[in-house]
Amino acid sequence: MNRVYNFSPGPAMLPTEVLQQIQEELLDYQNTGMSIMEMSHRGGTFEKLHNDSMTLLRKVANIPDRFDILYMTGGASTQFALVPLNLTGNRFNQKTGKAGYINTGTWSTKAIEEAKKQNVDYVIVASSEDKNFSYIPKHYTIPEGLSYLHITSNNTIFGTQYFEFPKPKDTKLIIDMSSDFISRPIDWTHIGLVYAGLQKNAGPSGMTVVIIDKEYYQREYEHLPTMFRYSTFAKNNSLYNTPPTFQIYVFYLVLQWLEKKGGVETIDQINREKAKYIYDAIDQSGGFYIGHSVKEDRSLMNVTFRLKDPSLEDEFVNQAKKLKLYNLKGHRSVGGMRASIYNAMPVEGCKLLAEFMLDFCKKYS
Ligand SMILES: Cc1ncc(COP(=O)(O)O)c(C=O)c1O
């Protein structure tokens, strides 16, 4: 077997144990004589797995009863449009308050653009665009009467993360959690809806988990197509149409893996330890490596940094590869390097990267 430490931002590493279990069960899932992919989503075997996965997610992520769990498709990018479409009306089909957005990077910007396209009244409550999204805005006033306040909890491209969510008084948060979903404990008090694609912390691409306050269904506009309504998924246990069955299966295996590891509290501790190795290497390099994020907002999921001498970057990537450290090149809007270290990245991978960084620094500085 020739597995590498894959620092890809997503689709990303999956736990080896999960991949092995998939391999074992692929041809004959639990003595049914067929693969889970070949099975009806209306049959008892699949439906049990589907329901068990939702029950386990609720347990692992500590999701209160006021929320429904929905399994959707179309990625987080579809949610950028579905959120304003479903949550800015009322049951008389009238617009309610403005939608609020905090802009912390490329993905928040895309969410705002979709609200704009839907002709929704919106306001940008705060932004960190002035410093190329290198921090999370802290000092701002949330206007009264918003339909919701949208934030991106972890900024995959820029490498910043919220360690404390805003606490709006008369509205709730909509959180794009695509890149830090089930990576740490969450306080649900101020949350109205969370969405996340599986492909970073939770499984393969192709499925989006939506966790939605049950009160929200009365806000959807009447003209919405059936498949664009959250209520369709809620009323039909996410089985109105054929769901992404294989993704649900892998998600369930990942949740079981996470529970066995000790749940989100334990994984949070491990993620902190992993990130610390790499941030320490940046801080100990005497300016050879320059982190993109301000220290207090440094993401535990995506470590972004550049080399003081950009002409060494290709050499850095090539030498890292020889040690099986793959996919370290950063996004073009930030440049430099990005190490994505989601739940399934082992501690050893981060330790090895940090050692390599310090060796490389010694050699070339
Ligand atoms: C924070 C965040 N939001 C949204 C997206 C877009 O997700 P998708 O490709 O599932 O639509 C990504 C993808 O990387 C992301 O990191």
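A residue counts as being near the ligand here if its C-beta atom, placed from the backbone, lies within 6 Å of it. With that in mind, welcome to a predicted model whose chain is assigned two domains, domain 1 (17–261) and domain 2 (263–364). The points below start with the ligand, move through the sheet of 7 strands and the place where the domains touch, and then turn to the sheet of 3 strands. Two backbone details close the tour.

**Around the ligand**

- The residues around the ligand are Gly10, Gly75, Ala76, Ser77, Trp107, Thr152, Thr156, Asp176, Ser178, Ser179 and Gly197.
- Helix 3 (residues 75–87) supplies the largest share of this shell, with 3 residues.
- Sorted by class, the shell holds 8 polar, 2 nonpolar and 1 charged residues.

**The sheet of 7 strands**

- This is an open sheet with mixed pairing, and its strands follow the order 2-10-9-8-5-3-4.
- Strand 2 (67–72) and strand 4 (122–127) are the edge strands, each pairing on one side only.
- On average, neighbouring strands of this sheet are turned by 20 degrees against each other, with direction ignored.
- Strand 5 (residues 148–152) and strand 8 (residues 173–176) run parallel and are joined by 4 bridges.
- If you would like a pair to look for on screen, His150 has Ile174 in strand 8 as its bridge partner.
- Helix 3, which you met at the ligand, lies across strand 3 (99–103), strand 5, strand 8, strand 9 (191–197) and strand 10 (208–213).
- The direction of helix 3 is at about 155 degrees to that of strand 9.

**Where the two domains touch**

- The C-alpha centres of domain 1 and domain 2 are 28 Å apart.
- Contact between them involves 25 residues of domain 1 and 24 residues of domain 2.
- On the domain 1 side, the elements giving two or more residues are strand 6 (154–155), strand 7 (160–161) and helix 6 (245–261).
- Helix 6 gives the largest share of that side, 3 residues.
- By class, the domain 1 side has 11 polar, 9 nonpolar and 5 charged residues.

**Helix 6 against helix 7**

- The axes of helix 6 and helix 7 come within 7 Å of each other, crossing at roughly 75 degrees.
- Angles from 65 to 115 degrees count as roughly perpendicular, so helix 6 is roughly perpendicular to helix 7.
- Helix 6 makes this contact through Leu258, Glu259 and Lys261, while helix 7 uses Gly263, Thr266 and Ile267.
- The residues of this contact divide into 2 nonpolar, 2 polar and 2 charged.

**The sheet of 3 strands**

- This open sheet has antiparallel pairing and the strand order 11-12-14.
- Strand 11 (289–291) and strand 14 (337–340) stand at the edges with a single partner strand each, so one side of each has no neighbour in the sheet.
- The twist from one strand to the next averages 35 degrees.
- Strand 12 (residues 302–307) and strand 14 run antiparallel, with 4 bridges joining them.
- Within strand 14, the residue standing opposite Thr304 is Arg338.
- Helix 7 (residues 263–283) packs on this sheet and touches strand 11, strand 12 and strand 14.
- The direction of helix 7 makes about 20 degrees with that of strand 12.

**Two backbone details**

- As background, most residues other than glycine have a negative phi, and most peptide bonds are trans.
- Gly10 and Pro11 are joined by a cis peptide bond, with omega about -5 degrees.
- Pro11 sits in the loop between strand 1 (5–6) and helix 1 (16–25), and Gly10 is one of the residues around the ligand.
- Gln30 has a positive phi, near 45 degrees, and is a residue other than glycine.
- You will find Gln30 in the loop between helix 1 and helix 2 (44–60).

Technical notes
Residues are numbered from 1 along each chain as its sequence is written. This is a predicted model: local features need pLDDT of at least 70, side-chain atom pairs count only at pLDDT 80 or more; totals for chains, interfaces and linings use all residues. Domain bounds come from an automatic or database domain assignment. Two residues are in contact if their C-beta atoms, placed from the backbone, lie within 7 Å. Ala, Val, Leu, Ile, Met, Phe, Trp, Tyr, Cys and Pro count as nonpolar, Asp, Glu, Lys and Arg as charged, and the others, Gly among them, as polar. Two strands pair if DSSP finds at least two bridges between them. Axes are lines fitted to C-alpha atoms, for helices over the stretch in contact, and angles run from 0 to 180 degrees between N-to-C directions. Angles under 35 degrees count as roughly parallel, over 145 as roughly antiparallel, 65 to 115 as roughly perpendicular and the rest as oblique.
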